[in-house]
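Me: I would like to learn how to read the features of a structure one at a time, with the general idea before the particular case. Could you take me through this one?

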Amino acid sequence: MASSLVSSPTSSFLKKIAFHKCKKQVSKKIVSVMAPHQSERKTYTTGSLKTGMTMTEKILARASEKQQLSPGDNVWVNVDILMTHDVCGPGSIGIFKKEFGEKAKANPDYKGVCHVALAQEGHCRPGEVLLGTDSHTCTAGAFGQFATGIGNTDAGFVLGTGKVLLKVPSTLRFVMDGEMPHYLLAKDLILQIIGEISVSGATYKSMEFVGTTVESLNMEERMTLCNMVVEAGGKNGVVPADSTTFKYLEDKTTVPYEPVYSDAQASFLSEYRFDISKLEPLVAKPHSPDNRALARECKDVKIDRVYIGSCTGGKTEDFLAAAKVFLASGKKVKVPTFLVPATQKVWMDIYTLSVPESGGKTCSQIFEEAGCDTPASPSCGACLGGPKDTYARMNEPKVISHIFPGLKHLRVCVSTTNRNFPGRMGHKEGQIYLASPYTAAASALTGYVTDPREFLC
């Protein structure tokens, strides 16, 4: 970096040091160039050369042992955690730690969806670099960590060397302020952002989330926020670590970590500001995550199922949110409602944690009273379609003639997942409305896309 900032003195100090003479003519020819001696100037001793860096730039600078990085720089990065997995299969999380090649080992115990299990197992730590063989690895950015998805070839190289070659992304900053309305969840926030910038608006860029609203979110909600940056094309998402982060990690890891934060003079490619207090519940209509609409504007859309699950919407807090809506309504669902916890721990929480203001009832009890399907075993489930026998996959229309008489063909799902492209959850004619757990639960109760404010006072 120093060499690019210190101008070359060559042109100012050219010296003609030899002349060739002959009888007929005299020519003046430069045969060598001299420059006055300069002492070596190291970046860390020249404070005026150092410019402000964003969180992502700082993490990658430290991991590449550089004093300074700028967007566009290509650097070899030392990787702290590599996650490999077989989607939905046995052993779907394999963790390889810093001691690559010597003490690396796979985790033989099935945990569930890797992006949620990583956090639960204490592998998401501020200031570190985490890579994984799935696009939603960016979820871990909620912990102030650089986390992104890579391919199997890169993963093999990381496993052998502990390094990866990365281009430093520029950063988009999203400032969200205002009190979070009680009927909103982080899913609404990220759908608002993606609707604003489009599914290509953050291509190979870092998305940094700050502001009083972000600070008020619990860790699982921050994970939802970072989880879907890839749906905007982002390289990674990141939330500054704070007391909420540190408290979450207290009983999950003993590994020391050092958080970093963007400098006050850091340069951001763009900055977006939102007053969240004025935001309403949102959905992403078929067939793109940026096809944003207000939930209340879709109140006439008939549905034949609801799906609550995935790395985006299958965490403990997501099921607690859905249970809150069912509890408030006191009604039964009108369409099949599938529940797929992300991990074994989430599954246990559904059966053991009491829902606030429920008189001690667990999520499972509330779901049963509402007529939902029994919570399935932890997996990615129908989020990515899969074989035809995948639980809750969109295959044939559900029988809902008792709700909509005479209706024969309907494959419309309100889902807490992350993508709604044609065929994503199974049948190519399926229509997927992405929504928060609040909106999904409210829609299950009516058989239409429904604003959760109908049930949340």
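Reply: What follows is a dialogue on a helix, a pocket, salt bridges, a surface patch and some backbone angles. Please keep in mind throughout that this is a predicted model.

Me: Let us begin with helices; how many residues does helix α10 have, and what distance does it reach from its first C-alpha to its last?

Reply: A helix can be checked against an expected span, taken as 1.5 Å times one less than its number of residues. Helix α10, residues 316-329, has 14 residues and reaches 20 Å between its first and last C-alpha atoms, which is close to the 20 Å expected. Just after α10 comes glycine 330, which has a positive phi near 70 degrees.

Me: Is α10 mostly covered or mostly uncovered?

Reply: Burial is judged by relative accessible area, and a residue under 20% counts as buried. By that reading α10 is mostly covered, with 10 of its 14 residues buried; among them are Phe319, Leu320, Val325 and Phe326, together with Asp318 and Ser329.

Me: Which element contributes the largest share of the lining of the largest pocket?

Reply: A pocket can be read through its volume and through the residues that line it. The largest pocket here holds about 500 Å³ of space, and of its 19 lining residues the closest to the centre are Leu185, Glu317, Ala321, Lys324 and Tyr438. The helix we have just discussed, α10, supplies the largest share of that lining, with 7 residues.

Me: Proline 437 is in helix α13; is proline 437 buried or exposed?

Reply: Proline 437 counts as buried because its relative accessibility is 3%. A second way to place a residue is to ask what lies across from it in space, and here the C-alpha atoms of proline 437 and leucine 184 are separated by 9.5 Å, although the two residues are 253 residues apart along the chain.

Me: Turning to salt bridges, how many does a search of the whole structure find?

Reply: The criterion is a side-chain nitrogen of Lys or Arg within 4 Å of a carboxyl oxygen of Asp or Glu, and the search finds 20 salt bridges. In one of them the side chains of arginine 419 and glutamate 231 meet at 2.5 Å, N to O. That pair links distant parts of the chain, 188 residues apart, with arginine 419 in the loop between β17 and β18 and glutamate 231 in the loop between α7 and β11. Both arginine 419 and glutamate 231 are buried.

Me: Which parts of the chain does the pair of arginine 453 and glutamate 280 tie together?

Reply: The side chains of arginine 453 and glutamate 280 meet in a salt bridge at 2.7 Å, N to O. Arginine 453 lies in the segment after α13, and glutamate 280 in the loop between β12 and β13, so the pair ties together parts that are 173 residues apart in sequence. Arginine 453 counts as partly exposed because its relative accessibility is 30%.

Me: How should I read the pair of lysine 361 and glutamate 369, and which residues are joined into one network by salt bridges that share partners?

Reply: The side chains of lysine 361 and glutamate 369 form a salt bridge at 3.1 Å, N to O. Lysine 361 is partly exposed, with a relative accessible area of 28%, and glutamate 369 is partly exposed as well, at 43%. Salt bridges with shared partners join Arg173, Glu208, Glu271 and Arg273 into one network.

Me: Which residues form a nonpolar patch on the surface?

Reply: Trp76, Phe157 and Leu165 form that patch, with about 320 Å² of accessible area together. Phenylalanine 157 belongs to helix α4 and is partly exposed at 42% relative accessibility, while leucine 165 belongs to strand β8 and is partly exposed at 45%. The C-alpha atoms of leucine 165 and serine 64 are 9.7 Å from each other, with their positions 101 residues apart along the chain.

Me: Finally, what should I look for in the backbone angles?

Reply: Most residues other than glycine have a negative phi, and most peptide bonds are trans. Serine 310, in helix α9, has a positive phi of about 90 degrees and is buried, with a relative accessible area of 1%. Alanine 392, in the loop between α12 and β17, has a phi near 70 degrees and is buried at 11%. The peptide bond from proline 286 to histidine 287 is cis, with omega near 5 degrees, and histidine 287 lies in the loop between β13 and β14.

Key
Residues are numbered from 1 along each chain as its sequence is written. This is a predicted model: local features need pLDDT of at least 70, side-chain atom pairs count only at pLDDT 80 or more; totals for chains, interfaces and linings use all residues. Side-chain values use heavy atoms; hydrogens and water are left out. Patches are made of residues with over 30% relative accessible area and no salt bridge: like charges are joined within 9 Å, nonpolar side chains (Val, Leu, Ile, Met, Phe, Trp, Tyr) within 5 Å. Accessible areas come from the Shrake-Rupley method with a 1.4 Å probe; for residues, only the protein chains shown count as cover. Helices (H or I, at least four residues) and strands (E, at least two) are DSSP runs, numbered from the N terminus. Buried means under 20% relative accessible area, exposed over 50%, partly exposed in between (1.4 Å probe, protein chains only). On a 1 Å grid over the protein atoms alone, a cavity is a set of points where a 1.4 Å probe fits but cannot get out, and a pocket is an open set with protein on both sides within 12 Å along at least five of seven lines; lining residues have an atom within 4 Å of a point. Grid points are joined across faces, edges and corners, and a volume is the space filled by probe spheres set on the points.
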